[in-house]
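User: I'm in my first year and still learning to read protein structures. Could you take a close look at the metal site and walk me through it?

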Amino acid sequence: MNLADDYQRLADRLTAAGVDVDTVKARLKAQHIETPSWGYGNSGTRFKVFPWPGAARNIHEKLADAGYIHRLTGVAPSVAIHIPWDKVDDWHGLAQFAAEKGVSIGAVNPNVFQDEQYKLGSICHPAAAVREEAIAHLVECCEIMQRTGSGLLSLWFADGTNYAGQDSLRRRKQHLEAALAAVYAHLPPAGRMLIEYKFFEPAFYHTDLADWGMAYATALKLGDRAQVLVDTGHHAQGTNIAHIVAFLLDEGRLGGFHFNARKYADDDLIVGSTNPFELFEIFVELVSAGAAADEVAYMIDQSHNIEPKLEAMLLSVLNCQTACARALIVNYPRLAQRQAEGDVLGAHAVLMEAFDTDVRPLLRQVRTEMGRHPDPLAAYRADDYAARVAQERGTAAAGGGGFPGKQK
Ligand code: PSV
Ligand code: MN
(Lines give C-alpha, C1' and ligand atoms only; values in the text may rest on other atoms or scores of the structure.)
(Ligands and ions follow the chains in the order given, each with its own letter.)
Protein backbone atom coordinates (compact mmCIF):
# COMPACT_ATOMS: atom_id res chain seq x y z
CA MET A 1 0.00 0.00 0.00
CA ASN A 2 1.39 3.38 -0.95
CA LEU A 3 0.07 5.88 1.58
CA ALA A 4 0.96 8.96 -0.47
CA ASP A 5 -0.83 7.61 -3.55
CA ASP A 6 -3.92 6.69 -1.54
CA TYR A 7 -4.03 10.19 -0.13
CA GLN A 8 -3.48 11.86 -3.51
CA ARG A 9 -6.31 9.86 -5.10
CA LEU A 10 -8.69 10.87 -2.31
CA ALA A 11 -7.53 14.49 -2.34
CA ASP A 12 -8.07 14.69 -6.12
CA ARG A 13 -11.54 13.19 -5.78
CA LEU A 14 -12.49 15.58 -2.99
CA THR A 15 -11.09 18.58 -4.85
CA ALA A 16 -13.07 17.63 -7.95
CA ALA A 17 -16.17 17.44 -5.73
CA GLY A 18 -15.58 21.00 -4.54
CA VAL A 19 -13.93 20.31 -1.19
CA ASP A 20 -11.04 22.58 -0.13
CA VAL A 21 -8.69 19.86 1.09
CA ASP A 22 -6.11 22.24 2.60
CA THR A 23 -8.79 23.83 4.78
CA VAL A 24 -10.03 20.40 5.83
CA LYS A 25 -6.51 19.39 6.80
CA ALA A 26 -5.96 22.61 8.74
CA ARG A 27 -9.21 22.03 10.66
CA LEU A 28 -8.22 18.46 11.48
CA LYS A 29 -4.82 19.58 12.74
CA ALA A 30 -6.51 22.11 15.01
CA GLN A 31 -8.90 19.57 16.52
CA HIS A 32 -8.84 19.34 20.33
CA ILE A 33 -10.34 16.38 22.17
CA GLU A 34 -10.05 16.42 25.94
CA THR A 35 -9.60 13.11 27.71
CA PRO A 36 -10.87 12.47 31.28
CA SER A 37 -8.49 11.68 34.14
CA TRP A 38 -11.02 9.11 35.41
CA GLY A 39 -10.75 7.15 32.15
CA TYR A 40 -7.17 6.17 33.00
CA GLY A 41 -7.82 4.71 36.43
CA ASN A 42 -9.63 1.51 37.37
CA SER A 43 -13.37 1.65 36.90
CA GLY A 44 -16.23 -0.68 36.37
CA THR A 45 -19.93 -1.26 36.58
CA ARG A 46 -22.16 -1.32 39.60
CA PHE A 47 -21.43 -5.05 39.81
CA LYS A 48 -17.68 -5.38 39.60
CA VAL A 49 -14.44 -3.54 38.93
CA PHE A 50 -11.93 -5.67 37.06
CA PRO A 51 -8.55 -4.13 37.92
CA TRP A 52 -6.48 -3.38 34.83
CA PRO A 53 -2.70 -4.03 34.94
CA GLY A 54 -0.96 -0.67 34.78
CA ALA A 55 -4.10 1.42 35.33
CA ALA A 56 -3.11 4.85 36.62
CA ARG A 57 -3.25 5.06 40.41
CA ASN A 58 -3.08 8.81 40.90
CA ILE A 59 -3.41 12.08 39.01
CA HIS A 60 0.28 12.11 38.07
CA GLU A 61 0.02 8.72 36.39
CA LYS A 62 -3.25 9.80 34.74
CA LEU A 63 -1.55 12.88 33.31
CA ALA A 64 1.37 10.78 32.11
CA ASP A 65 -1.06 8.44 30.30
CA ALA A 66 -2.96 11.37 28.82
CA GLY A 67 0.36 12.81 27.62
CA TYR A 68 1.05 9.50 25.91
CA ILE A 69 -2.34 9.54 24.14
CA HIS A 70 -1.59 13.09 23.01
CA ARG A 71 1.85 12.08 21.76
CA LEU A 72 0.24 9.36 19.66
CA THR A 73 -2.61 11.44 18.27
CA GLY A 74 -1.56 15.09 18.40
CA VAL A 75 -5.16 16.14 19.09
CA ALA A 76 -5.70 15.36 22.80
CA PRO A 77 -3.75 18.14 24.53
CA SER A 78 -5.84 18.55 27.71
CA VAL A 79 -7.20 16.47 30.56
CA ALA A 80 -10.37 16.94 32.58
CA ILE A 81 -9.93 16.48 36.31
CA HIS A 82 -12.44 15.28 38.93
CA ILE A 83 -12.30 16.70 42.44
CA PRO A 84 -11.62 15.28 45.03
CA TRP A 85 -10.40 12.20 43.11
CA ASP A 86 -7.54 14.23 41.62
CA LYS A 87 -7.00 16.65 44.48
CA VAL A 88 -3.43 17.77 45.26
CA ASP A 89 -1.96 20.39 47.60
CA ASP A 90 0.10 22.14 44.95
CA TRP A 91 -2.10 22.98 41.96
CA HIS A 92 0.50 25.14 40.31
CA GLY A 93 2.94 22.23 40.55
CA LEU A 94 0.37 19.90 39.02
CA ALA A 95 -0.19 22.26 36.09
CA GLN A 96 3.58 22.33 35.60
CA PHE A 97 3.79 18.54 35.76
CA ALA A 98 1.01 18.32 33.15
CA ALA A 99 2.95 20.70 30.89
CA GLU A 100 6.02 18.48 31.22
CA LYS A 101 3.88 15.60 29.98
CA GLY A 102 2.72 17.71 27.03
CA VAL A 103 -0.83 18.35 28.25
CA SER A 104 -2.76 20.99 30.17
CA ILE A 105 -5.47 20.82 32.82
CA GLY A 106 -8.88 21.12 31.22
CA ALA A 107 -12.35 21.11 32.74
CA VAL A 108 -12.65 20.92 36.51
CA ASN A 109 -15.40 18.48 37.54
CA PRO A 110 -16.63 18.84 41.12
CA ASN A 111 -18.00 15.79 42.88
CA VAL A 112 -21.04 16.30 45.06
CA PHE A 113 -22.39 12.79 44.71
CA GLN A 114 -20.06 10.51 46.65
CA ASP A 115 -20.24 11.56 50.26
CA GLU A 116 -22.68 10.39 52.94
CA GLN A 117 -24.35 13.77 53.29
CA TYR A 118 -25.45 13.72 49.64
CA LYS A 119 -27.83 10.77 50.01
CA LEU A 120 -30.83 13.01 49.29
CA GLY A 121 -29.01 15.34 46.93
CA SER A 122 -26.46 18.14 47.01
CA ILE A 123 -27.48 21.63 45.90
CA CYS A 124 -31.14 20.48 45.84
CA HIS A 125 -30.97 18.75 49.23
CA PRO A 126 -33.83 19.67 51.60
CA ALA A 127 -31.32 20.69 54.33
CA ALA A 128 -29.64 24.09 53.97
CA ALA A 129 -26.46 22.84 55.67
CA VAL A 130 -25.92 20.18 52.98
CA ARG A 131 -26.64 22.64 50.18
CA GLU A 132 -24.09 25.03 51.66
CA GLU A 133 -21.47 22.30 51.88
CA ALA A 134 -22.06 21.44 48.23
CA ILE A 135 -21.82 25.10 47.22
CA ALA A 136 -18.55 25.44 49.17
CA HIS A 137 -17.11 22.51 47.20
CA LEU A 138 -18.20 24.07 43.89
CA VAL A 139 -16.60 27.37 44.90
CA GLU A 140 -13.42 25.50 45.85
CA CYS A 141 -13.45 24.09 42.30
CA CYS A 142 -13.65 27.65 40.92
CA GLU A 143 -10.48 28.36 42.89
CA ILE A 144 -8.84 25.25 41.45
CA MET A 145 -9.72 26.62 38.00
CA GLN A 146 -7.79 29.79 38.87
CA ARG A 147 -4.76 27.90 40.10
CA THR A 148 -4.58 25.42 37.23
CA GLY A 149 -5.47 27.88 34.49
CA SER A 150 -8.60 25.92 33.61
CA GLY A 151 -11.42 27.76 31.83
CA LEU A 152 -14.23 25.28 32.49
CA LEU A 153 -16.30 24.27 35.49
CA SER A 154 -18.14 21.14 34.40
CA LEU A 155 -21.14 20.40 36.59
CA TRP A 156 -23.13 17.24 36.99
CA PHE A 157 -25.48 16.55 39.86
CA ALA A 158 -26.74 13.17 41.02
CA ASP A 159 -29.67 15.04 42.56
CA GLY A 160 -33.13 13.61 42.20
CA THR A 161 -35.75 11.57 44.04
CA ASN A 162 -36.94 7.99 43.92
CA TYR A 163 -40.55 8.32 45.06
CA ALA A 164 -43.48 10.56 44.31
CA GLY A 165 -43.86 12.99 47.17
CA GLN A 166 -40.34 12.36 48.50
CA ASP A 167 -39.52 16.05 48.13
CA SER A 168 -40.92 19.20 46.55
CA LEU A 169 -39.85 19.31 42.91
CA ARG A 170 -40.39 23.07 42.68
CA ARG A 171 -38.49 23.82 45.83
CA ARG A 172 -35.58 21.69 44.66
CA LYS A 173 -35.55 23.63 41.37
CA GLN A 174 -35.36 26.89 43.32
CA HIS A 175 -32.52 25.57 45.49
CA LEU A 176 -30.64 24.55 42.36
CA GLU A 177 -30.99 27.97 40.77
CA ALA A 178 -29.94 29.80 43.93
CA ALA A 179 -26.89 27.57 44.39
CA LEU A 180 -25.71 27.91 40.82
CA ALA A 181 -26.13 31.69 40.94
CA ALA A 182 -23.89 31.74 44.03
CA VAL A 183 -21.27 29.60 42.29
CA TYR A 184 -21.45 31.55 39.02
CA ALA A 185 -20.27 34.65 40.90
CA HIS A 186 -17.05 32.80 41.76
CA LEU A 187 -16.10 31.76 38.21
CA PRO A 188 -12.74 33.14 37.09
CA PRO A 189 -13.26 36.13 34.75
CA ALA A 190 -13.05 34.17 31.50
CA GLY A 191 -14.30 30.91 32.99
CA ARG A 192 -17.42 29.17 31.79
CA MET A 193 -19.88 26.98 33.67
CA LEU A 194 -21.05 23.90 31.78
CA ILE A 195 -24.29 22.38 33.04
CA GLU A 196 -24.75 18.67 32.36
CA TYR A 197 -28.12 16.94 32.44
CA LYS A 198 -29.13 13.32 32.81
CA PHE A 199 -32.63 11.95 32.87
CA PHE A 200 -32.05 9.07 35.28
CA GLU A 201 -29.52 7.47 37.63
CA PRO A 202 -28.79 7.38 40.48
CA ALA A 203 -32.31 8.70 41.13
CA PHE A 204 -35.08 7.19 39.06
CA TYR A 205 -38.34 8.96 39.86
CA HIS A 206 -37.05 12.36 38.89
CA THR A 207 -33.70 14.01 38.22
CA ASP A 208 -33.38 17.70 39.07
CA LEU A 209 -31.68 18.50 35.75
CA ALA A 210 -33.33 15.87 33.61
CA ASP A 211 -32.80 17.17 30.09
CA TRP A 212 -31.19 19.82 27.89
CA GLY A 213 -34.21 22.11 28.21
CA MET A 214 -33.85 22.34 31.99
CA ALA A 215 -30.08 22.85 31.70
CA TYR A 216 -30.68 25.51 29.04
CA ALA A 217 -33.34 27.36 31.05
CA THR A 218 -31.01 27.35 34.05
CA ALA A 219 -28.08 28.64 31.97
CA LEU A 220 -30.22 31.48 30.59
CA LYS A 221 -30.98 32.70 34.10
CA LEU A 222 -27.33 32.58 35.17
CA GLY A 223 -25.66 34.56 32.39
CA ASP A 224 -23.68 34.32 29.16
CA ARG A 225 -20.94 32.19 30.64
CA ALA A 226 -23.33 29.40 31.64
CA GLN A 227 -23.87 26.84 28.91
CA VAL A 228 -25.15 23.32 28.41
CA LEU A 229 -23.00 20.21 28.39
CA VAL A 230 -24.29 17.36 26.23
CA ASP A 231 -23.22 13.91 27.44
CA THR A 232 -24.14 11.60 24.58
CA GLY A 233 -25.07 8.83 27.02
CA HIS A 234 -27.66 10.85 28.92
CA HIS A 235 -30.68 10.63 26.64
CA ALA A 236 -33.68 8.42 26.20
CA GLN A 237 -33.49 5.91 23.36
CA GLY A 238 -34.28 7.49 20.03
CA THR A 239 -33.49 11.07 21.07
CA ASN A 240 -32.09 13.09 18.18
CA ILE A 241 -28.93 14.44 19.81
CA ALA A 242 -27.81 16.27 16.66
CA HIS A 243 -31.02 18.29 16.84
CA ILE A 244 -30.29 19.29 20.44
CA VAL A 245 -26.79 20.26 19.36
CA ALA A 246 -28.12 22.38 16.48
CA PHE A 247 -30.59 24.17 18.75
CA LEU A 248 -28.05 24.93 21.47
CA LEU A 249 -25.42 26.05 18.96
CA ASP A 250 -27.86 28.42 17.34
CA GLU A 251 -28.67 29.88 20.75
CA GLY A 252 -24.98 30.22 21.69
CA ARG A 253 -25.49 27.89 24.64
CA LEU A 254 -23.67 24.74 23.63
CA GLY A 255 -20.76 24.61 26.06
CA GLY A 256 -19.35 21.21 25.31
CA PHE A 257 -19.67 17.46 25.07
CA HIS A 258 -19.05 14.38 27.08
CA PHE A 259 -18.56 11.89 24.29
CA ASN A 260 -19.13 8.19 24.73
CA ALA A 261 -21.25 5.46 23.17
CA ARG A 262 -24.10 3.49 24.53
CA LYS A 263 -26.42 0.69 23.65
CA TYR A 264 -28.96 1.16 26.42
CA ALA A 265 -28.11 3.88 28.89
CA ASP A 266 -25.05 5.65 30.27
CA ASP A 267 -22.86 2.76 29.12
CA ASP A 268 -19.70 4.89 28.77
CA LEU A 269 -18.43 2.78 25.87
CA ILE A 270 -15.88 3.93 23.30
CA VAL A 271 -17.35 6.88 21.41
CA GLY A 272 -18.15 6.01 17.83
CA SER A 273 -18.24 2.28 18.55
CA THR A 274 -22.01 1.75 18.63
CA ASN A 275 -22.94 5.17 17.29
CA PRO A 276 -20.69 6.21 14.36
CA PHE A 277 -23.55 7.75 12.39
CA GLU A 278 -24.87 9.68 15.38
CA LEU A 279 -21.39 11.04 16.02
CA PHE A 280 -21.11 12.07 12.37
CA GLU A 281 -24.48 13.86 12.51
CA ILE A 282 -23.30 15.76 15.59
CA PHE A 283 -20.11 16.84 13.84
CA VAL A 284 -22.10 17.89 10.77
CA GLU A 285 -24.05 20.30 12.99
CA LEU A 286 -20.81 21.59 14.52
CA VAL A 287 -19.03 22.06 11.20
CA SER A 288 -22.01 23.67 9.52
CA ALA A 289 -22.43 26.11 12.43
CA GLY A 290 -19.04 27.66 11.56
CA ALA A 291 -17.72 30.18 14.09
CA ALA A 292 -20.69 29.49 16.41
CA ALA A 293 -18.93 26.24 17.34
CA ASP A 294 -15.53 27.80 18.04
CA GLU A 295 -15.82 27.71 21.83
CA VAL A 296 -17.31 24.25 22.16
CA ALA A 297 -15.32 21.91 24.43
CA TYR A 298 -14.96 18.38 23.05
CA MET A 299 -14.49 16.08 25.99
CA ILE A 300 -14.62 12.34 26.39
CA ASP A 301 -16.43 10.89 29.40
CA GLN A 302 -15.78 7.18 29.45
CA SER A 303 -14.84 4.65 32.09
CA HIS A 304 -13.81 1.33 30.71
CA ASN A 305 -14.33 -1.95 32.42
CA ILE A 306 -13.22 -4.91 30.29
CA GLU A 307 -11.11 -3.17 27.64
CA PRO A 308 -7.48 -1.98 27.77
CA LYS A 309 -7.65 1.57 29.09
CA LEU A 310 -5.07 3.28 26.92
CA GLU A 311 -6.13 1.59 23.71
CA ALA A 312 -9.78 2.41 24.49
CA MET A 313 -8.95 6.07 25.01
CA LEU A 314 -6.83 6.16 21.90
CA LEU A 315 -9.60 4.64 19.81
CA SER A 316 -12.07 7.14 21.24
CA VAL A 317 -9.92 10.08 20.17
CA LEU A 318 -9.41 8.55 16.71
CA ASN A 319 -13.14 7.94 16.31
CA CYS A 320 -13.83 11.62 17.02
CA GLN A 321 -11.22 12.51 14.42
CA THR A 322 -12.86 10.23 11.86
CA ALA A 323 -16.33 11.65 12.50
CA CYS A 324 -14.97 15.18 12.21
CA ALA A 325 -13.14 14.38 8.97
CA ARG A 326 -16.31 12.96 7.44
CA ALA A 327 -18.27 16.04 8.52
CA LEU A 328 -15.61 18.35 7.06
CA ILE A 329 -15.84 16.79 3.59
CA VAL A 330 -19.61 17.24 3.29
CA ASN A 331 -20.37 19.41 0.27
CA TYR A 332 -22.32 22.05 2.21
CA PRO A 333 -23.19 24.34 -0.75
CA ARG A 334 -24.64 21.36 -2.62
CA LEU A 335 -26.47 20.25 0.53
CA ALA A 336 -28.01 23.72 0.94
CA GLN A 337 -29.05 23.78 -2.71
CA ARG A 338 -30.78 20.42 -2.51
CA GLN A 339 -32.45 21.39 0.76
CA ALA A 340 -33.76 24.59 -0.85
CA GLU A 341 -35.10 22.60 -3.78
CA GLY A 342 -36.91 20.26 -1.41
CA ASP A 343 -34.88 17.37 -2.81
CA VAL A 344 -35.34 15.10 0.20
CA LEU A 345 -33.23 12.16 -0.85
CA GLY A 346 -30.80 14.24 -2.89
CA ALA A 347 -29.92 16.20 0.24
CA HIS A 348 -29.69 13.00 2.26
CA ALA A 349 -27.35 11.55 -0.39
CA VAL A 350 -24.94 14.48 0.03
CA LEU A 351 -24.52 13.56 3.69
CA MET A 352 -24.23 9.85 2.96
CA GLU A 353 -21.59 10.49 0.32
CA ALA A 354 -19.36 12.01 3.03
CA PHE A 355 -20.22 9.39 5.64
CA ASP A 356 -19.44 6.57 3.21
CA THR A 357 -16.08 8.03 2.21
CA ASP A 358 -13.02 6.22 3.52
CA VAL A 359 -11.23 9.13 5.20
CA ARG A 360 -8.33 7.04 6.48
CA PRO A 361 -5.87 8.17 3.76
CA LEU A 362 -6.69 11.80 4.63
CA LEU A 363 -6.17 11.21 8.35
CA ARG A 364 -2.90 9.36 7.76
CA GLN A 365 -1.67 12.30 5.70
CA VAL A 366 -2.74 14.81 8.35
CA ARG A 367 -0.94 12.85 11.07
CA THR A 368 2.21 12.55 8.98
CA GLU A 369 2.17 16.30 8.35
CA MET A 370 1.78 16.77 12.13
CA GLY A 371 4.85 14.63 12.74
CA ARG A 372 2.83 11.75 14.22
CA HIS A 373 2.62 8.12 13.25
CA PRO A 374 0.04 7.72 10.46
CA ASP A 375 -1.58 4.82 12.32
CA PRO A 376 -1.57 5.58 16.08
CA LEU A 377 -3.22 2.26 16.96
CA ALA A 378 -0.47 0.31 15.21
CA ALA A 379 2.11 2.55 16.89
CA TYR A 380 0.53 1.86 20.28
CA ARG A 381 0.49 -1.89 19.68
CA ALA A 382 4.12 -1.88 18.57
CA ASP A 383 5.15 0.23 21.56
CA ASP A 384 6.01 -1.03 25.04
CA TYR A 385 4.37 1.83 27.01
CA ALA A 386 1.43 -0.28 28.22
CA ALA A 387 3.67 -3.19 29.19
CA ARG A 388 6.07 -0.84 30.92
CA VAL A 389 3.42 0.84 33.07
CA ALA A 390 1.91 -2.56 33.88
CA GLN A 391 5.31 -3.60 35.18
CA GLU A 392 5.94 -0.37 37.06
CA ARG A 393 2.47 0.11 38.52
CA GLY A 394 1.29 -3.45 38.85
CA THR A 395 -2.38 -4.31 39.24
CA ALA A 396 -4.03 -2.12 41.83
CA ALA A 397 -6.23 -3.90 44.32
CA ALA A 398 -9.51 -2.51 43.04
CA GLY A 399 -12.63 -3.62 44.83
CA GLY A 400 -14.75 -6.53 43.74
CA GLY A 401 -18.52 -6.66 43.90
CA GLY A 402 -20.46 -4.34 46.12
CA PHE A 403 -19.20 -1.07 44.71
CA PRO A 404 -21.94 1.50 45.01
CA GLY A 405 -23.26 2.46 41.60
CA LYS A 406 -21.11 3.35 38.64
CA GLN A 407 -17.57 3.38 39.94
CA LYS A 408 -15.19 5.73 38.21
C1 PSV B 1 -22.38 11.09 35.28
O2 PSV B 1 -22.82 9.86 34.79
C3 PSV B 1 -21.22 11.63 34.46
O4 PSV B 1 -21.58 11.62 33.11
C5 PSV B 1 -20.82 13.03 34.91
O6 PSV B 1 -20.25 13.72 33.84
C7 PSV B 1 -19.78 12.76 35.93
O8 PSV B 1 -18.95 13.83 36.23
C9 PSV B 1 -19.03 11.64 35.23
O10 PSV B 1 -20.07 10.84 34.65
C11 PSV B 1 -18.12 10.88 36.13
O12 PSV B 1 -18.85 10.22 37.15
MN1 MN C 1 -20.73 13.04 31.71
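Analyst: Here is a walk through the metal site, the strands around it and a few other spots to visit afterwards. Keep in mind that this is a predicted model.

Let's start with the metal itself. Which residues hold the manganese ion (ligand 2)? Its protein donors are E196 (through OE), D231 (OD), H258 (ND1) and D301 (OD), and they sit 2.1 to 2.2 Å from the ion. The site has six donor atoms, the angles among them run from 71 to 163°, and the geometry comes out as octahedral. For comparison, six ideal octahedral donors would give angles of 90 or 180 degrees.

Now look at where those donors fall along the chain. Their spacing follows the pattern E-x34-D-x26-H-x42-D. E196 belongs to strand β6 (residues 192-196) and H258 to strand β9 (residues 254-259), so this pair ties together parts that are 62 residues apart in sequence. Are these two donors buried or exposed? E196 is buried, with a relative accessible area of 4%, and H258 is buried too, at 2%. Both values fall under the 20% cut-off for calling a residue buried.

Next, the strands. D231 is one of the donors, and strand β8 covers residues 226-231. Six of the six residues in β8 are buried, so the strand is largely enclosed by the rest of the structure. How does β8 pair with β6? The two run in the parallel sense, over four bridges. In one of the bridges, L194 has Q227 in β8 as its partner. β8 also pairs with β9, again in the parallel sense and over four bridges, and here V228 stands opposite L254 in β9.

If you follow the chain on from β6, you get to a loop that leads to β7 (206-207), and P202 lies in it. A cis peptide bond joins E201 and P202, with omega at about 5°. E201 is in that loop as well, and it has a positive phi of about 70° although it is not a glycine. Most residues other than glycine have a negative phi, and most peptide bonds are trans, so both features are worth a second look. E201 is buried, with a relative accessible area of 12%.

You can find a similar pair of oddities elsewhere. Past β9, the loop to α9 (276-288) contains D268. D268 has a positive phi of about 60° and is not a glycine, and it is buried at 2% relative accessible area. Another cis peptide bond joins I83 and P84, with omega at about 15°, and P84 sits in the loop between β2 (78-83) and α4 (91-100).

To finish, here are two helices. In α10 (residues 309-328), 18 of the 20 residues are buried, so this helix is largely enclosed by the rest of the structure. At 1.5 Å a residue, α10 should span 28 Å, and its end C-alpha atoms are 29 Å apart, which agrees. The other helix is α5 (residues 128-148), where you'll find E133. E133 is partly exposed, at 41% relative accessible area, and its side chain makes a polar contact of 2.7 Å with the side chain of Q117.

Definitions and conventions. Residues are numbered from 1 along each chain as its sequence is written. Chains are lettered from A and ligands numbered from 1 in the order in which they are written. This is a predicted model: local features need pLDDT of at least 70, side-chain atom pairs count only at pLDDT 80 or more; totals for chains, interfaces and linings use all residues. Side-chain values use heavy atoms; hydrogens and water are left out. Donors are N, O and S atoms within 2.8 Å of the metal (3.2 Å for Na, K and Ca); water is not among the atoms, so sites may look incomplete. Four donors count as tetrahedral if all angles lie between 85 and 135 degrees; four count as square planar and six as octahedral if opposite donors are over 155 degrees apart and all others between 65 and 115; anything else is irregular. Buried means under 20% relative accessible area, exposed over 50%, partly exposed in between (1.4 Å probe, protein chains only). The expected span of a helix is 1.5 Å times one less than its number of residues. A polar contact is a pair of N or O atoms within 3.5 Å; within protein, one must be able to donate a hydrogen and the other to accept it, and residues adjacent in sequence count only if both atoms are side-chain atoms. Two strands pair if DSSP finds at least two bridges between them.
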